[in-house]
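Trainee: Hey, can you walk me through this model? I'd like to start with one of the helices.
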Amino acid sequence: MSEIVAFGASSSSQSINKQLATWASTQVIEAEVKFLDLNDFEMSIYSLDKEQATGIPEKAKQFKAAIQEADGILISFAEHNGSYSSAFKNIFDWMSRLEKPIWSDKPIFLLSSSPGPRGGKNVLATAIGSFPHQGGQVVASFSLPSFNENFNSEEGIVSEVLKKQFDEQLLLFREALG
Ligand SMILES: Cc1cc2nc3c(=O)[nH]c(=O)nc-3n(C[C@H](O)[C@H](O)[C@H](O)COP(=O)(O)O)c2cc1C
(Lines give C-alpha, C1' and ligand atoms only; values in the text may rest on other atoms or scores of the structure.)
Protein backbone atom coordinates (compact mmCIF):
# COMPACT_ATOMS: atom_id res chain seq x y z
CA MET A 1 0.00 0.00 0.00
CA SER A 2 1.36 3.43 -0.88
CA GLU A 3 1.60 6.18 1.71
CA ILE A 4 0.79 9.82 1.10
CA VAL A 5 1.57 12.82 3.23
CA ALA A 6 -1.26 15.36 3.30
CA PHE A 7 -1.66 18.76 4.90
CA GLY A 8 -3.51 22.04 4.71
CA ALA A 9 -0.97 24.81 4.24
CA SER A 10 -2.49 26.90 7.03
CA SER A 11 -2.02 27.13 10.79
CA SER A 12 -5.69 27.88 11.49
CA SER A 13 -7.50 25.39 13.74
CA GLN A 14 -10.61 25.99 11.59
CA SER A 15 -8.75 25.88 8.29
CA ILE A 16 -10.93 25.17 5.28
CA ASN A 17 -7.81 23.91 3.50
CA LYS A 18 -7.17 21.39 6.27
CA GLN A 19 -10.76 20.23 5.76
CA LEU A 20 -10.30 20.00 2.00
CA ALA A 21 -6.93 18.22 2.27
CA THR A 22 -8.37 15.77 4.83
CA TRP A 23 -11.35 14.91 2.65
CA ALA A 24 -9.30 14.81 -0.60
CA SER A 25 -6.79 12.43 0.96
CA THR A 26 -9.60 10.00 1.89
CA GLN A 27 -10.45 9.84 -1.82
CA VAL A 28 -7.05 8.31 -2.54
CA ILE A 29 -8.55 5.02 -1.45
CA GLU A 30 -5.53 2.81 -2.06
CA ALA A 31 -3.18 4.93 0.06
CA GLU A 32 -2.46 5.17 3.73
CA VAL A 33 -2.56 8.83 4.76
CA LYS A 34 -0.19 10.57 7.13
CA PHE A 35 -1.77 13.94 7.94
CA LEU A 36 0.57 16.71 9.08
CA ASP A 37 -0.43 19.77 11.11
CA LEU A 38 1.79 22.76 10.38
CA ASN A 39 1.44 23.84 14.02
CA ASP A 40 3.62 20.87 14.96
CA PHE A 41 6.41 22.41 12.86
CA GLU A 42 6.40 25.97 14.13
CA MET A 43 9.90 27.44 14.11
CA SER A 44 11.39 30.89 14.45
CA ILE A 45 11.20 32.97 11.27
CA TYR A 46 13.88 31.88 8.82
CA SER A 47 16.97 34.03 8.63
CA LEU A 48 20.45 33.33 7.32
CA ASP A 49 21.88 34.72 10.56
CA LYS A 50 19.90 32.25 12.68
CA GLU A 51 20.85 29.41 10.38
CA GLN A 52 24.54 30.28 10.68
CA ALA A 53 24.29 30.72 14.45
CA THR A 54 22.27 27.65 15.43
CA GLY A 55 21.78 25.53 12.30
CA ILE A 56 18.59 24.13 10.82
CA PRO A 57 15.92 23.27 13.42
CA GLU A 58 15.03 19.65 14.12
CA LYS A 59 11.41 20.31 13.10
CA ALA A 60 12.49 21.19 9.54
CA LYS A 61 14.38 17.87 9.40
CA GLN A 62 11.30 16.02 10.69
CA PHE A 63 9.09 17.66 8.07
CA LYS A 64 11.52 16.74 5.30
CA ALA A 65 11.76 13.16 6.62
CA ALA A 66 7.96 12.82 6.43
CA ILE A 67 8.10 13.95 2.79
CA GLN A 68 10.94 11.56 1.98
CA GLU A 69 9.17 8.58 3.52
CA ALA A 70 5.96 9.13 1.53
CA ASP A 71 5.13 7.94 -1.99
CA GLY A 72 3.15 11.09 -2.78
CA ILE A 73 2.15 14.47 -1.38
CA LEU A 74 -1.23 16.24 -1.22
CA ILE A 75 -1.34 19.89 -0.17
CA SER A 76 -4.24 22.36 0.00
CA PHE A 77 -3.08 25.97 0.17
CA ALA A 78 -4.59 28.85 2.08
CA GLU A 79 -4.07 32.10 0.19
CA HIS A 80 -2.80 35.04 2.22
CA ASN A 81 -2.41 38.28 0.29
CA GLY A 82 -2.06 36.40 -2.95
CA SER A 83 0.60 34.01 -1.67
CA TYR A 84 1.51 31.25 0.80
CA SER A 85 0.50 31.51 4.45
CA SER A 86 3.44 32.52 6.65
CA ALA A 87 3.14 29.19 8.48
CA PHE A 88 3.77 27.24 5.28
CA LYS A 89 6.38 29.61 3.86
CA ASN A 90 8.50 29.43 6.98
CA ILE A 91 8.59 25.62 6.99
CA PHE A 92 9.27 25.67 3.25
CA ASP A 93 12.17 28.13 3.69
CA TRP A 94 13.82 26.11 6.46
CA MET A 95 13.28 22.82 4.63
CA SER A 96 14.77 24.26 1.44
CA ARG A 97 18.11 24.62 3.28
CA LEU A 98 18.37 20.84 3.66
CA GLU A 99 19.60 18.54 0.92
CA LYS A 100 17.97 18.86 -2.53
CA PRO A 101 15.58 18.04 -4.09
CA ILE A 102 13.25 19.88 -1.74
CA TRP A 103 10.15 17.82 -2.60
CA SER A 104 12.10 14.57 -3.02
CA ASP A 105 10.88 13.98 -6.62
CA LYS A 106 7.48 12.83 -5.34
CA PRO A 107 4.21 13.07 -7.29
CA ILE A 108 2.18 15.94 -5.87
CA PHE A 109 -1.50 16.89 -5.93
CA LEU A 110 -1.84 20.63 -5.28
CA LEU A 111 -5.15 22.14 -4.20
CA SER A 112 -6.39 25.45 -2.83
CA SER A 113 -9.60 26.92 -1.54
CA SER A 114 -10.94 30.17 -0.20
CA PRO A 115 -14.36 31.45 0.87
CA GLY A 116 -14.33 33.73 -2.20
CA PRO A 117 -14.98 32.95 -5.86
CA ARG A 118 -11.30 32.76 -6.89
CA GLY A 119 -10.61 29.77 -4.64
CA GLY A 120 -7.02 30.72 -3.87
CA LYS A 121 -6.02 30.57 -7.55
CA ASN A 122 -3.07 32.94 -7.08
CA VAL A 123 -1.29 30.82 -4.49
CA LEU A 124 -2.09 27.67 -6.43
CA ALA A 125 -0.56 29.17 -9.60
CA THR A 126 2.55 30.13 -7.63
CA ALA A 127 2.96 26.58 -6.35
CA ILE A 128 2.26 24.99 -9.75
CA GLY A 129 4.89 27.28 -11.29
CA SER A 130 7.58 26.76 -8.69
CA PHE A 131 7.32 23.21 -7.34
CA PRO A 132 8.65 21.55 -10.54
CA HIS A 133 11.85 23.61 -10.12
CA GLN A 134 12.13 22.40 -6.55
CA GLY A 135 11.98 18.68 -7.11
CA GLY A 136 8.22 18.17 -7.03
CA GLN A 137 6.30 16.44 -9.82
CA VAL A 138 3.00 18.31 -9.93
CA VAL A 139 0.77 15.67 -11.52
CA ALA A 140 -2.62 17.15 -10.53
CA SER A 141 -4.12 20.42 -9.31
CA PHE A 142 -7.52 21.72 -8.31
CA SER A 143 -8.93 24.95 -6.90
CA LEU A 144 -12.24 24.94 -5.00
CA PRO A 145 -13.97 28.35 -5.10
CA SER A 146 -16.55 29.60 -2.58
CA PHE A 147 -15.75 26.86 -0.06
CA ASN A 148 -18.81 27.32 2.14
CA GLU A 149 -21.19 26.87 -0.78
CA ASN A 150 -19.34 24.03 -2.49
CA PHE A 151 -18.15 21.81 0.37
CA ASN A 152 -19.52 20.10 3.42
CA SER A 153 -17.71 17.77 5.75
CA GLU A 154 -20.01 14.76 5.21
CA GLU A 155 -20.23 14.79 1.41
CA GLY A 156 -17.07 16.68 0.44
CA ILE A 157 -17.44 18.67 -2.79
CA VAL A 158 -21.17 19.12 -3.37
CA SER A 159 -21.12 20.90 -6.75
CA GLU A 160 -21.41 18.24 -9.47
CA VAL A 161 -19.34 20.24 -11.96
CA LEU A 162 -16.53 20.85 -9.48
CA LYS A 163 -16.62 17.26 -8.20
CA LYS A 164 -16.12 16.03 -11.78
CA GLN A 165 -13.11 18.34 -12.22
CA PHE A 166 -11.69 17.15 -8.91
CA ASP A 167 -12.20 13.48 -9.83
CA GLU A 168 -10.28 13.95 -13.09
CA GLN A 169 -7.32 15.37 -11.18
CA LEU A 170 -7.61 12.74 -8.46
CA LEU A 171 -7.30 10.01 -11.08
CA LEU A 172 -4.07 11.56 -12.40
CA PHE A 173 -2.62 11.55 -8.88
CA ARG A 174 -3.69 7.96 -8.20
CA GLU A 175 -2.16 6.85 -11.51
CA ALA A 176 1.11 8.59 -10.66
CA LEU A 177 1.21 6.80 -7.30
CA GLY A 178 1.13 3.55 -9.27
C1 LIG B 1 -3.93 37.67 6.32
C2 LIG B 1 -4.98 37.13 5.36
C3 LIG B 1 -4.84 37.39 4.02
C4 LIG B 1 -5.77 36.86 3.11
N5 LIG B 1 -5.58 37.05 1.77
C6 LIG B 1 -6.41 36.43 0.89
C7 LIG B 1 -6.14 36.48 -0.52
O8 LIG B 1 -5.19 37.07 -0.96
N9 LIG B 1 -6.98 35.83 -1.35
C10 LIG B 1 -8.06 35.11 -0.88
O11 LIG B 1 -8.79 34.50 -1.68
N12 LIG B 1 -8.34 35.05 0.45
C13 LIG B 1 -7.54 35.69 1.33
N14 LIG B 1 -7.79 35.61 2.68
C15 LIG B 1 -8.97 34.87 3.14
C16 LIG B 1 -8.62 33.39 3.20
O17 LIG B 1 -8.87 32.80 1.94
C18 LIG B 1 -9.47 32.70 4.27
O19 LIG B 1 -9.13 33.23 5.54
C20 LIG B 1 -9.30 31.21 4.25
O21 LIG B 1 -10.17 30.64 5.22
C22 LIG B 1 -7.85 30.81 4.51
O23 LIG B 1 -7.70 29.42 4.44
P24 LIG B 1 -7.63 28.51 5.75
O25 LIG B 1 -9.03 28.57 6.38
O26 LIG B 1 -7.30 27.18 5.21
O27 LIG B 1 -6.62 29.10 6.68
C28 LIG B 1 -6.89 36.14 3.59
C29 LIG B 1 -7.02 35.90 4.98
C30 LIG B 1 -6.08 36.39 5.85
C31 LIG B 1 -6.24 36.11 7.33
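Mentor: Sure, let's begin with what covers the buried residues of α3: that includes α4 (86-95). Contact here has C-beta atoms, placed from the backbone, within 7 Å. Helices (H or I, at least four residues) and strands (E, at least two) are DSSP runs, numbered from the N terminus.

Trainee: Anything to know before I trust the numbers?
Mentor: This is a predicted model, so local features need pLDDT of at least 70 and side-chain atom pairs count only at pLDDT 80 or more, while totals for chains, interfaces and linings use all residues. Residues are numbered from 1 along each chain as its sequence is written.

Trainee: Okay, which residues in α3 are buried?
Mentor: Ala60, Phe63 and Lys64. Buried means 20 or more other C-beta atoms within 10 Å of the residue's own, exposed means 12 or fewer, and partly exposed is in between, with C-beta atoms placed from the backbone.

Trainee: Why do they line one face of the helix?
Mentor: Seen down the axis of α3, the buried residues fall within an arc of 95 degrees, so they line one face. The arc is that of the directions from the helix axis to the C-beta atoms. In general, an α-helix has 3.6 residues a turn, so residues three or four places apart point the same way.

Trainee: And what sits on the face turned away from the buried side of α3?
Mentor: The exposed residues Glu58, Ala65 and Glu69.

Trainee: Switching to strands. How many residues of β4 are buried?
Mentor: Eight of the eight residues in β4 (residues 106-113). Lys106, Ile108, Leu110 and Ser112 are on one side, with Pro107, Phe109, Leu111 and Ser113 on the other.

Trainee: In which sense does β4 pair with β3?
Mentor: Parallel, over five bridges, with β3 covering residues 72-77. Pairing takes at least two bridges found by DSSP between the strands. Ile108 in β4 is the bridge partner of Ile73.

Trainee: What do the buried residues of α5 pack against?
Mentor: They pack against β3, β4 and β5 (136-144). In α5 (residues 121-130), the buried ones are Val123, Leu124 and Ala127. Those fall within an arc of 100 degrees seen down the axis, so they line one face of α5.

Trainee: Last topic, the ligand. How many residues surround it?
Mentor: 16, and the closest are Ser10, Ser15, Asn17, Ala78 and Ser114. To count, a residue's C-beta atom, placed from the backbone, must lie within 6 Å of the molecule.

Technical notes: Contact = placed C-beta atoms within 7 Å.
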